[in-house]
Amino acid sequence: MASFSSGPPGHGSAVVWVRRTASVVVLLVAVVAGSVCWQGATVAARADDLDNRRDTTQSQLDSARARQAELAASLEGLQGQVAATGQQLVELRGQLPAAEAAVAAAAAEAARTQREADLAAARLTGARRQQTSLTTTIANDTAQAAQIRAAVVRMARAADQGGSDLAELTVLLNATSAEDFVAGYAQTSTALDVQTRTLNQLDGLNAGNQAAANRLAAVETKIAELKATADSAAAVAASAQAEAETARAALAQLTAQVEVQQQSLEDQRADVEAQLAAADASAAQLSAELAAIIEQQRARPPAPAPAQPSSPRAAPQPKAPSGAVFANPTVHRPMVVTSRYGMRMQPVLKIYRLHAGIDLRSYCGELIYAGRAGTVQWAKYRNGFGNQVMIDHGWVNGASLMSSYSHLTRWSVRPGQHVDAGQVIGHAGTTGGVSTACHLHFEVYVAGKTVNPASYLGV
């Protein structure tokens with residue numbers, strides 16, 4: 001039976017206050033280093049992710065093309081409006097895997113960019129908490145420094161009023177005993193120590209506040225950078241999410257179109273059944289004709305055909321591959337199989353039908369060659385096959401061997417003509433059956449029955 005061919009494939013916690021500058025420097029270095037490492041890891045991961053998605057998408061596209069060819073072959077024998085509706089269904093179904101892949105890729109990109117946006121926002125939140133902690137610490141230490149400064153002022157005034165430079169002499173002159181002198185001296189010494197420690201504490205607070213102010217300035221600069229990064233990541237995530245939604249909407253629309261076309265074919269079920277019955281009748285008639293030819297051969301083996309003017313030849317054709325029976329009948333080297341021999345699901349009636357040949361890539365008007373020497377049995381139009389050339393190759397290994405070449409735009413031979421392997425017998429086309437692109441439907445008949453041509457062609 002003739003078949004359709006698809007043809008050539010035209011996205012913390014609060015920071016604990018640390019008073020010493022060295023500790024904060026380590027903290028800031030860690031933040032910056034972490035950011036650099038994260039960005040580097042992100043770039044590497046993104047490259048790997050793109051490679052994986054590219055490979056996956058290509059694999060899905062190849063599968064979609066193969067599936068499209070299978071669906072197209074299952075529509076053999078249909079004509080008219082049924083053929084047009086069926087072809088639209090085939091094309092729409094062929095687009096589904098790519099659309100589904102686009103949705104998956106867009107969703108993965110949206111998820112990835114959202115993770116980046118969340119991480120950027122988390123880093124920004126952490127930096128802002130550090131800013132708050134530093135600001136609070138500076139305020140607390142400033143207040144404490146003010147209190148200490150006031151205490152120092154009070155002590156200075158008291159010392160000034162008491163004559164601090166003569167304090168020890170006053171203690172000596174006022175002492176009534178050695179014990180009294182020791183007690184007074186100790187008290188005076190303690191007061192001086194307290195004053196000294198207070199002044200030192202004030203110096204420490206001032207130095208700490210200056211360091212904290214420097215750290216705060218650095219954190220505020222980092223916050224500005226992180227905010228810009230977070231805003232950019234959020235925008236990319238929003239864009240990726242929008243693309244994912246668009247892809248989902250397109251898939252939903254495509255799925256709806258498939259359902260509409262499927263229902264249209266269901267509504268034409270009676271016409272479909274009639275057309276398939278006619279195609280089956282044509283195949284049965286062909287089988288009967290082949291059986292009659294074989295009987296004639298048995299009764300009177302044909303003599304070698306006389307030499308006749310041959311059709312124009314292209315460049316010399318290669319011989320059949322080792323172990324093969326037929327040479328490549330197309331101009332493509334090597335030959336390209338677009339649809340193989342086997343059972344196919346008819347999309348309307350939900351029944352299996354045999355794709356009785358093999359489809360080979362041949363663009364419109366390209367030369368088609370005889371795969372083996374033989375005699376042309378006929379060159380005519382047949383329902384479901386279009387323009388067909390049938391060649392009888394005689395008896396091979398004790399059985400009749402014939403080959404047919406269908407969907408031709410035109411043939412270049414006539415019945416009874418002897419042809420050699422590699423001789424031009426016609427031009428590729430898309431006649432008969434349901435076909436949106438030119439191709440060659442090649443069949444092999446052994447004892448009048450179709451067989452899988454793959455091994456006979458060496459593919």
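**Entry 1. The nonpolar cores**

I take a nonpolar core to be a set of buried Ala, Val, Leu, Ile, Met, Phe, Trp, Tyr and Cys residues joined through side-chain atoms within 4.5 Å. The structure I examined is a predicted model. I looked up the largest nonpolar core and found that it has 21 residues. Val389, Ile425 and Phe442 are the members with the most contacts inside this core. I then asked which strands each supply at least two residues of this core. They are strand 4 (358-361), strand 6 (374-382), strand 7 (386-396), strand 8 (399-408) and strand 12. Apart from this core I noted another, of 17 residues, with Val82, Leu89, Ala106 and Val258 among them. As general background, I recall that nonpolar side chains tend to be buried together in soluble globular proteins.

**Entry 2. Isoleucine 425**

I listed the contacts of isoleucine 425, leaving aside its neighbours within four places in sequence. The contacts include Ile368, Tyr369 and Ala370. Val389, Ile391 and Tyr405 also touch isoleucine 425. The list is completed by Trp411, Ser412, Val413 and Val419.

**Entry 3. The sheet of strands 5, 11 and 9**

I traced an open sheet of three strands, in the order 5-11-9, with antiparallel pairing. Its edge strands are strand 5 (367-369) and strand 9 (410-411), each of which pairs on one side only. I found three bridges joining strand 5 to strand 11, and two bridges joining strand 9 to strand 11 (residues 424-427). For individual positions, I recorded tyrosine 369 opposite valine 424 in strand 11. Arginine 410 has histidine 427 of strand 11 as its bridge partner.

**Entry 4. The aromatic residues**

I counted two aromatic pairs in the structure. The pair of phenylalanine 326 and phenylalanine 442 is edge-to-face, at 5.5 Å centre to centre and with 80° between the planes. Phenylalanine 326 lies in the loop between helix 5 (269-299) and strand 1 (337-339), and phenylalanine 442 lies in strand 12, so this pair ties together parts that are 116 residues apart in sequence. I checked burial and found both phenylalanine 326 and phenylalanine 442 buried.

Why is the pair of tyrosine 405 and phenylalanine 442 edge-to-face? The planes of the two rings stand at 65°, and planes over 60 degrees apart count as edge-to-face. The ring centres of tyrosine 405 and phenylalanine 442 are 5.2 Å apart. Tyrosine 405 belongs to strand 8 and phenylalanine 442 to strand 12, so the pair ties together parts that are 37 residues apart in sequence. Tyrosine 405 is buried, as is phenylalanine 442. I therefore entered the grouping that Phe326, Tyr405 and Phe442 form as one aromatic cluster.

I also looked at tryptophan 378: lysine 380 lies over the face of its ring, at 5.0 Å from the ring centre.

**Entry 5. Histidine 441**

I located histidine 441 in strand 12 (residues 439-446). Is histidine 441 buried or exposed? Its relative accessible area is 0%, and because buried means under 20%, I class histidine 441 as buried. I then examined its side chain for polar contacts. One, of 2.9 Å, joins the side chain of histidine 441 to that of aspartate 359. Another, of 2.7 Å, joins the side chains of histidine 441 and glutamate 443.

**Entry 6. Helix 2: threonine 113 and valine 103**

I placed threonine 113 in helix 2 (residues 80-162). Threonine 113 is buried, with a relative accessible area of 0%. Where does a polar atom of its side chain lie in relation to the backbone oxygen of alanine 110? I read a distance of 3.0 Å between that side-chain atom of threonine 113 and the backbone oxygen of alanine 110.

Valine 103 is also found in helix 2. At 13% relative accessibility, valine 103 counts as buried, because the cut-off for burial is under 20%. I compared its position with that of threonine 246: the two are 143 residues apart in sequence, and their C-alpha atoms are 8.5 Å apart in space. Not counting residues up to four places away in sequence, I found valine 103 touching Ala247, Arg248 and Leu251.

Conventions: Residues are numbered from 1 along each chain as its sequence is written. This is a predicted model: local features need pLDDT of at least 70, side-chain atom pairs count only at pLDDT 80 or more; totals for chains, interfaces and linings use all residues. Side-chain values use heavy atoms; hydrogens and water are left out. Helices (H or I, at least four residues) and strands (E, at least two) are DSSP runs, numbered from the N terminus. Buried means under 20% relative accessible area, exposed over 50%, partly exposed in between (1.4 Å probe, protein chains only). A polar contact is a pair of N or O atoms within 3.5 Å; within protein, one must be able to donate a hydrogen and the other to accept it, and residues adjacent in sequence count only if both atoms are side-chain atoms. Contact means heavy atoms within 4.5 Å. Two strands pair if DSSP finds at least two bridges between them. Rings of Phe, Tyr and Trp (its six-membered ring) pair if their centres lie within 6.5 Å; planes under 30 degrees apart count as stacked, over 60 as edge-to-face and the rest as tilted. A charge sits over a ring if NZ of Lys or CZ of Arg is within 6 Å of the ring centre and within 35 degrees of the ring normal.
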